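Q: Hey, got a minute to go through this model with me? I'd like to start with the charged pairs and then look at the ligand.

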Amino acid sequence: MEQRKPLFIANWKMNKLAQEVGAFVPKFNELTNIFSSKCEMVLAPVSVYLPKLVELTASTPIQVAAQNCGASKSGAFTGEVSPVMLKELGVHWVILGHSERRHVFKEDDALVNARLKAALEEGLIPVFCVGEKLEERKSGETFSVIERQLKGLKDISENNLKGLTIAYEPVWAIGTGENATPAQAQEVHAFIRQWLAKNISSTFANRTRILYGGSVKADNSAQLMAMGDVDGLLVGGASLDPLSFGDIVKRGLNS
Ligand code: PEP
């Protein structure tokens with residue numbers, strides 16, 4: 001089985017002003033520099049601070065992600081930022097299909113898939129988010145929802161999917177303080193990996209990182225990362241403070 005390097009991503013959502021973005025980087029870098037050969041660490045600020053963050057992290061092991069990207073290279077799409085523009089800025093990662101995009105901004109599977117294709121065409125690394133709502137879990141629909149959200153991957157060649165990362169983020173666990181138990185996360189991660197093996201290839205399934213996200217904190221990161229199919233963590237609220245996110249990385253690596 002291929003070795004999957006642990007990956008920790010901070011999703012800052014619509015938080016932090018320029019000064020706070022600036023203050024985060026040196027502190028976080030100081031705390032995590034010693035772990036940098038053991039994992040990858042990515043920060044996702046709001047789009048206006050992407051250039052600043054690219055500059056601040058240039059001589060560090062820290063990488064930068066956008067929180068979304070447009071489905072076209074350019075054109076009449078007010079408010080969107082194209083993957084070509086992200087690439088030009090030196091941004092290599094992009095979060096797509098986050099539950100807030102899907103459920104607050106009503107992005108459907110077709111739109112998320114179009115964004116995914118555009119990002120892959122530009123060579124960005126997408127962090128493709130999937131996850132069920134509470135009522136879907138309660139009615140036993142978790143796997144069918146995940147399957148529906150993953151379905152678009154079948155239209156993309158395995159070669160073009162290179163670099164894809166998947167994040168399982170149960171909607172009921174995001175920002176609620178109620179994380180999935182390690183066993184609940186493992187069950188869905190294993191399901192996703194089996195789906196990838198069946199519908200893409202077993203090589204692809206073995207090398208693709210599947211992150212867990214939803215109320216991750218320093219005191220649950222080690223238990224979640226101990227699961228065989230949890231390859232990293234996507235962290236919202238607890239990533240806003242460098243000490244807390246640094247601790248999540250440290251404990252997640254069991255260091
Ligand atoms: C997220 O926004 O992706 C997330 C997981 O948020 P939180 O960690 O705050 O639940």
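A: Sure, definition up front: a salt bridge here is a side-chain nitrogen of Lys or Arg within 4 Å of a carboxyl oxygen of Asp or Glu. This is a predicted model, where local features need pLDDT of at least 70 and side-chain atom pairs count only at pLDDT 80 or more, while totals for chains, interfaces and linings use all residues. Residues are numbered from 1 along each chain as its sequence is written, and side-chain values use heavy atoms, with hydrogens and water left out.

Q: Ok, how many salt bridges does the count come to by this rule?

A: The count comes to 13 salt bridges.

Q: What does Glu 100 form a salt bridge with?

A: Lys 13, with the closest N and O atoms 2.7 Å apart. That pair links distant parts of the chain, 87 residues apart: Glu 100 sits in helix α4 (residues 99-104) and Lys 13 in the loop between β1 (7-11) and α1 (18-32). Helices (H or I, at least four residues) and strands (E, at least two) are DSSP runs, numbered from the N terminus.

Q: And is Glu 100 buried or exposed?

A: Glu 100 counts as partly exposed, because its relative accessibility is 26%. Buried means under 20% relative accessible area, exposed over 50%, and partly exposed in between (1.4 Å probe, protein chains only).

Q: Which residue does Glu 132 meet in a salt bridge?

A: Arg 137, at 2.7 Å, N to O. Glu 132 has 0% relative accessibility, so Glu 132 counts as buried. Asp 109 and Arg 102 also meet through their side chains, at 2.9 Å, N to O, and Arg 102 is buried at 7%.

Q: Which residues are linked in a network?

A: Arg 4, Arg 193, Asp 229 and Asp 231 are linked by salt bridges.

Q: Switching to the ligand: which residues come nearest?

A: Of the 14 residues around the ligand (a heavy atom within 4 Å), Lys 13, Glu 169, Gly 175, Ser 215 and Gly 236 come nearest.

Q: What about the side chain of Lys 13, how far is an N or O atom there from a ligand oxygen?

A: 2.7 Å for Lys 13. A ligand oxygen is also 2.9 Å from a side-chain N or O atom of His 98, and one is 2.8 Å from a polar backbone atom of Ser 215. Taken alone the ligand exposes 290 Å², and the protein buries 96% of that, with areas from the Shrake-Rupley method and a 1.4 Å probe.

Methods. Polar contact = N/O pair within 3.5 Å; in protein donor to acceptor, adjacent residues only side chain to side chain.
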